[in-house]
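Good morning, colleagues. Please take a moment with the sequence and the model on the screen, and I shall then take you through one sheet and the chain around it.

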Amino acid sequence: MYALLRKEIAGFFSTPIGTLFIGVFLLLTGALLWLIPGENNVLDSGYAQLDGLFALAPWLFLFLIPAVTMRSFSEEYKQGTMEWLQTKPISRSQIVWAKYLASMSLVLLALIPTLVYLWSVCCLGVSFANLDMGAFWGSFIGLVLLAMVYAAVGVCISSYTDNAVVAFVLTAFCCFFLYIGFDFFSSLFSNATWQDAICSLGISSHYDAISRGVVDVRDVGYFVAVTLIILQCTFKKSWSKKDALPMAVIVLLLLISSQVVLRLDLTAEKRYTLSQQTRNLLKNQEHPIYVTIYLDGDLNMGFLRLKNATKDILNDMDAYAAKGIRIAFENPSKASSQKERQEKYVQLENRGLKPIVVHDRDNEGQMQQKIIFPWATLSIGNDTTSVLLLKNIAAKSGEENLNISIENLEYELTDAIRILSTKEVQKVAFLEGHGELTEPYVHDITTQLARYYQVDRGVLGTDVTMLDDYKVLIIAQPQENFSESDKYIIDQYLMRGGRILWLVDGVATNGEIGKPNDINLTDQLFTYGIRLSSNLLLDVQCALVPIKVDDAAGQDEFQPAPWYYSPLLMPSPAHSITRNMAAVKAEFASYIELVGQEQNAHIKKTVLLASSAHTAIEKAPMALSASIVNLSPQSPYFAYAYLPVAALFEGAFTSVYANRMPPAGIDTKGRDKEKQSCPTKMVVVADGSIIANELRGFGQGYEPLPLGYDSYMNQQFGNGNFVLNTVNYLADDGDWMQLRNRQVTLRLLDKQKISAERTLWQVVNMAIPVLLLITFSAVYQIVRRKRYVK
């Protein structure tokens, strides 16, 4: 076998044609990756990755591998040496294996020069080797497995014809059919189960998964089994009953491997590894999940990356979904006329799917405007919900926002699935009776919470158990004193494991003065380890307000000025509640002081929102004046930094009534007073306005604006996300919010280096692989001549 293998390789390089075939393959690959503009162009993509190589490989192999294998047997038949070969002490199966391994050796030899592309991307990264090497080598394994099947097809077809050209054409056709033909055939069926079953027979579904750097036993088993089946057909030109046994064994192994869910995610951040809670959620689904992705059409590299990441994670989820996930793409801009296109846009907007306008340069450098719908809809049974795929944080760059969007895909998609499949809806309550924000001012957050919970409002009575059915209690900017009975009910609710979101002002303001906001909660919060400062925060990082000034002509005009009383609070990047979130807008905020450190050492405290590095404080009572806008941001007045405004507290709390009698009139329902809570959690925010949305209009004609939207600055802040995430975290018993901590490293190419050295790197990646091939071929010929020419 070894002698025959060497003969095959020597025969390939004995004429310039073999070198020519590999050279054309390398030139085509280099041109598509480095010269020709498009989605596979490495330099245009801006990302340190070689996904284009693995996307192009199935098509480029349709040229390379038939060229390598077409003479395997056909040349033997043509020259009449096959009969002579069969007289040697070597079986037909050994001949087939020798020719097959020789073909694979030649294909791998053709792939070695492509490692120049890997070196180039490493050099072009923002930092050297700014590339996910695990993903690359995992994808390279997929490339080898794909070559295994293609080479087996080529050797098999060559064994049935003495015409090399016919073998080339038939091999290319059969490989094409095996790769994508089953996908076309599946479209003839309307039944989704049949479609999935037929698609799984083709190479495409298995290669797409493994080419991302995820080695799945089912995919590897498929490639190995298909290769062995094809080679088995090559071994035997006539069949008997005993020949069916090896084929049956291979098919049995294929069926067994298809049932084994074992995956090795070679990517650096394990970005294709789903969490255990996601897998459990999908395994318990009783109905198929239908997903329509509207992020489709003419997309730039960034949005194309988001689209592919969405498809990839849905395919990963499909591997675990009990009833499967059906994925469809719809291009909203695809229409026969402008009128039809506009009608489709209006229909999507009426469903709440708002488009974004993207300005891109075309291939000629001209700016063009595109309408993109970065949405997906999920349907289970008769219920449908939408998922916004794109996160848009004002302080982040476009690349960072797209990367954040990819990081949040698992959370956003599973969040939608949980909404659709939840059978028992949890309840949350807004407390009333103490001057809290009325319903119009919390309309937007109520609407958002209603997707997840039953949202109620009400006052406390005398029943100590009246809050027990509620997962979270929201106390939104109270202005009036709490009675002892109300405090007791809230305290005992916390002791029994209830969760509370406190949004309480430390300073009460009326537009002219500010004074300490004493509403009889000081002792209760103090016992829990919290004190709300009676000082107001002023921050250089703040919202803008219009200030009337006189222009040169003596006319009134308004100019933006910093309103230091409205700080833009910085979210903590270290916690799932506030990770990847825009700044949160506050109004007349105070800050939190942690007290009783020794008594509350067992309480875990996490700062969620804080002021900036340039903060001032004013002690109440104080007069509020618009002249504060004239204060210079460089003033030494801003001498404080990073004062906490919102914090999370987790652990077992001590009751404020541990050493006190319950208030008179409380109906205990026969329950003993709890002095120590079970493990629970609460969030305290020293500003109630964070949960309040602006209103446009008055009386019956008011229109609530989105929470966190500043109409003057025309900017959306992170208030809505903060409150929603906080409530979800407090109500979360399954660690779902931890999915927001997923990190995907943003690996970018150095744009300046590419701009300055573009031609150089194009020449390097076009010329060096070919030069390596020519050098190898020349050295091989020289060595061969020295050995055999006497």
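Which residue of strand 8 stands opposite A376? It is V387. Please keep in mind that we are looking at a predicted model.

Let me place that pair in its setting. Strand 7 covers residues 375–380 and is joined to strand 8 by six bridges, the two strands running antiparallel. As a general point, strands of a sheet pair through backbone hydrogen bonds, in either a parallel or an antiparallel manner. Strands 7 and 8 belong to an open sheet of four strands, ordered 4-3-7-8, and the pairing in this sheet is mixed. At its edges are strand 4, residues 325–329, and strand 8, residues 383–388, each of which pairs on one side only. On average, neighbouring strands here are turned by 20° against each other, with direction ignored.

I turn now to the chain as a whole. Its secondary structure amounts to 24 helices and 29 strands. The C-alpha trace spans about 110 × 75 × 60 Å along its principal axes. Of the 790 residues in the chain, 51% are buried. Among contacts with a separation of 6 or more, 76% are between residues 24 or more positions apart.

Finally, the surface and the charges. The accessible surface of the chain is about 36,200 Å², and carbon and sulfur atoms contribute 57% of it. There are 68 positive and 76 negative side chains, and the centres of these two sets lie 13 Å apart.

Thank you for your attention.

Notes: Residues numbered from 1 in each chain as written. Predicted model: local features only at pLDDT ≥ 70, side-chain atom pairs only at ≥ 80, totals over all residues. Heavy atoms only, no water. Buried < 20%, exposed > 50% of the residue type's maximum accessible area, 1.4 Å probe, protein only. Contact = heavy atoms within 4.5 Å. Areas by Shrake-Rupley, 256 points an atom, 1.4 Å probe, with all protein chains shown as cover. Lys, Arg positive; Asp, Glu negative; His and termini not counted. Charge placed at Lys NZ, Arg CZ, Asp CG, Glu CD. Pairing = 2+ DSSP bridges. Axes fitted to C-alpha atoms, helices over the stretch in contact; angles between N-to-C directions.
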